[in-house]
Amino acid sequence: MEKTFIMVKPDGMRRKLAGEVIKRLEAKGFQLLAARVLSMSRDMASEHYKEHQGQDFYAGLIKHITSGPVLAMVWQAPDAIEVARLLVGHRNPLKAAVGTIRGDYASISAENLVHAADSPEAAAREIELFFPDVKYDSKE
Ligand code: CDP
Ligand code: MG
C-alpha cells in the first residue's frame, strides 16, 4: 500500500468537479484517508510549487492556485502515486487521454482541475505540508 497527495484545484472546485474526482478515485479502489478544504496562502503555494520557481508560468500558477479554495486529500492504494497520475492524465489537454480526469474535463493547460504528487518524496512532502497534524506509518 502507498499513500499519495491529491488536490482539486480552484478551477475544479469552481466547476463542482470535486465529487467527480473523489468518485473516480473510489471507483479505482483508492481509500480516502484525510481531506480538508482550504484557501492556500502565497507562502504555502510557493512552498508547494517550489520546484517550478523561475519558470515562465510560475506567476500564473501561484495566482491560479491561490484564487479560491482547494480540496486537499490523502489517498491510499497499491502504487497509489503512479496510478493516480494515470487517472489524472497529462498536463497538456492536447495530450491528456480521453478517460482521464484532465482528458475528460480540462481544455486549458493551466487550469487542469487536479494535482497529484509525482514521486514518493513529493507525496511525503505534500502530505506533511497540508496535513502536519496527521502522522502516518509510511512517513516513519
Ligand atoms: O500538474 P503536473 O504535475 O501534471 O504538471 P507540472 O509540469 O508539474 O506543472 C505543475 C502545474 O503548473 C500544472 O499542473 C499547471 O497548472 C502549471 N503549468 C502551466 O500552467 N504551464 C506549463 N507550461 C507548465 C505547468
Ligand atoms: Mg508536477
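Helices, taken here as DSSP runs of H or I with at least four residues, are numbered from the N terminus. In this predicted model, that numbering identifies α4 as the element that gives the most to the lining of the largest pocket, with three residues. The helix α4 spans 58-65, and it is joined by the strand β4, spanning 114-116; each of the two supplies at least two residues of that lining.

The largest pocket itself has a volume of about 580 Å³. It is lined by 22 residues, of which K9, H52, R91, R102 and N112 are the closest to its centre. By class, the lining comprises nine polar, seven charged and six nonpolar residues.

This pocket is where ligand 1 sits. The residues that surround ligand 1 are K9, H52, F57, L61, R85, R91, R102, A110 and N112. Within this shell, four residues are charged, three are nonpolar and two are polar.

Three side chains make polar contacts with oxygen atoms of ligand 1, a contact being a pair of N or O atoms within 3.5 Å. For K9, an N or O atom of the side chain lies 2.9 Å from a ligand oxygen. In the case of R102, the separation between a side-chain N or O atom and an oxygen of ligand 1 is 2.9 Å. H52 places a polar side-chain atom 3.0 Å from an oxygen atom of the ligand. Ligand 1 would expose 510 Å² if taken alone, and the protein buries 80% of that area.

How values were computed:
Residues are numbered from 1 along each chain as its sequence is written. Chains are lettered from A and ligands numbered from 1 in the order in which they are written. This is a predicted model: local features need pLDDT of at least 70, side-chain atom pairs count only at pLDDT 80 or more; totals for chains, interfaces and linings use all residues. Side-chain values use heavy atoms; hydrogens and water are left out. A residue is near a molecule or strand if one of its heavy atoms lies within 4 Å of it. A polar contact is a pair of N or O atoms within 3.5 Å; within protein, one must be able to donate a hydrogen and the other to accept it, and residues adjacent in sequence count only if both atoms are side-chain atoms. Accessible areas come from the Shrake-Rupley method with a 1.4 Å probe; for residues, only the protein chains shown count as cover. On a 1 Å grid over the protein atoms alone, a cavity is a set of points where a 1.4 Å probe fits but cannot get out, and a pocket is an open set with protein on both sides within 12 Å along at least five of seven lines; lining residues have an atom within 4 Å of a point. A molecule sits in a cavity or pocket if more than half of its atoms lie within 2 Å of its grid points. Ala, Val, Leu, Ile, Met, Phe, Trp, Tyr, Cys and Pro count as nonpolar, Asp, Glu, Lys and Arg as charged, and the others, Gly among them, as polar. Grid points are joined across faces, edges and corners, and a volume is the space filled by probe spheres set on the points.
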